[in-house]
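User: I'd like to go through this chain with you and ask why things get the labels they get. Can you take me through it?

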Amino acid sequence: ELLPWNYRKLVLSYLKSDMQLLDMGTGGGELLKTFHHPSNRTQVTEAWQPNINLLKHTIAKQGIKVHALPAKHEDALPVKMVL
């Protein structure tokens with residue numbers, strides 16, 4: 001079933017270049033790349049080893065911090081959230 005909203009458009013409507021961006025469960029980073037957010041203000045988490053390996057060779061080389069997490073442990077984030 002189609003959703004009545006678009007996640008990418010929703011994020012982009014709020015995201016400003018001076019904000020910190022945390023993408024949890026990034027996967028291969030395909031959606032993240034479409035945000036064009038500054039690398040020094042972007043961090044990601046990922047638990048699946050094949051994606052971690054991919055991210056280390058792609059977005060990490062662009063300056064995006066990649067946090068490799070044990071599977072199903074994203075509640076133990078290695079980043080400080082400031083609201």
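Analyst: Here is a run through the labels on this chain and what stands behind them; keep in mind that this is a predicted model.

User: Fine, the overall layout to begin with. What pattern does the chain follow along the sequence?

Analyst: Reading along the sequence you get α-β-α-β-α-β. That comes to three helices and three strands.

User: What makes strand 1 and strand 2 a pair?

Analyst: Pairing takes at least two bridges between two strands. Strand 1 (residues 21-24) and strand 2 are joined by four bridges, so they pair, and they run parallel. One place to look is Leu21, which stands opposite Thr42 in strand 2.

User: And how do you know that strand 2 pairs with strand 3?

Analyst: By the cut-off of at least two bridges. Four bridges link strand 2 to strand 3 (residues 65-68), again in a parallel run, and therefore the two count as paired. Gln43 has Lys65 in strand 3 as its bridge partner, while Glu46 stands opposite Ala68 in strand 3. To get from strand 2 to strand 3 the chain passes through helix 3 (residues 49-57), and this β-α-β crossover is right-handed.

User: Why is strand 2 called mostly covered?

Analyst: A residue is buried under 20% relative accessible area. In strand 2 (residues 42-46), four of the five residues are buried, hence the label. For the chain, 29% of the 83 residues count as buried.

User: Why is Tyr7 described the way it is: buried, partly exposed or exposed?

Analyst: Tyr7 lies in helix 1, and its relative accessible area is 44%. Buried would need under 20% and exposed over 50%, so with 44% Tyr7 ends up partly exposed.

User: What makes Tyr7 eligible for the nonpolar patch on the surface?

Analyst: Patch residues need over 30% relative accessible area and no salt bridge, and Tyr is on the list of nonpolar side chains. Tyr7 has 44%, so it clears that area cut-off. Leu3, Trp5, Tyr7, Leu10, Tyr14 and Leu31 make up the patch, with about 680 Å² of accessible area together. Helix 1 (residues 7-14) gives the largest share, three residues. As for the chain, it exposes about 6,100 Å², and carbon and sulfur atoms supply 57% of that.

User: Why does His36 count as exposed?

Analyst: The bar is over 50%, and His36 has 70% relative accessibility, so it counts as exposed. You'll find His36 in the loop between helix 2 (30-33) and strand 2. His36 also has a positive phi of about 50 degrees, although it is not a glycine.

User: How do you know that Ala71 is exposed?

Analyst: Its relative accessible area is 53%, and exposed means over 50%, so Ala71 qualifies. Ala71 sits in the segment after strand 3. Between Ala71 and Gln49 there are 8.9 Å in space, C-alpha to C-alpha, with the two 22 residues apart in sequence.

Terms used:
Residues are numbered from 1 along each chain as its sequence is written. This is a predicted model: local features need pLDDT of at least 70, side-chain atom pairs count only at pLDDT 80 or more; totals for chains, interfaces and linings use all residues. Side-chain values use heavy atoms; hydrogens and water are left out. Buried means under 20% relative accessible area, exposed over 50%, partly exposed in between (1.4 Å probe, protein chains only). Helices (H or I, at least four residues) and strands (E, at least two) are DSSP runs, numbered from the N terminus. A crossover is right-handed if, with the strands pointing away from the viewer, the path from the first strand over the helix to the second runs clockwise. Patches are made of residues with over 30% relative accessible area and no salt bridge: like charges are joined within 9 Å, nonpolar side chains (Val, Leu, Ile, Met, Phe, Trp, Tyr) within 5 Å. Accessible areas come from the Shrake-Rupley method with a 1.4 Å probe; for residues, only the protein chains shown count as cover. A salt bridge is a side-chain nitrogen of Lys or Arg within 4 Å of a carboxyl oxygen of Asp or Glu.
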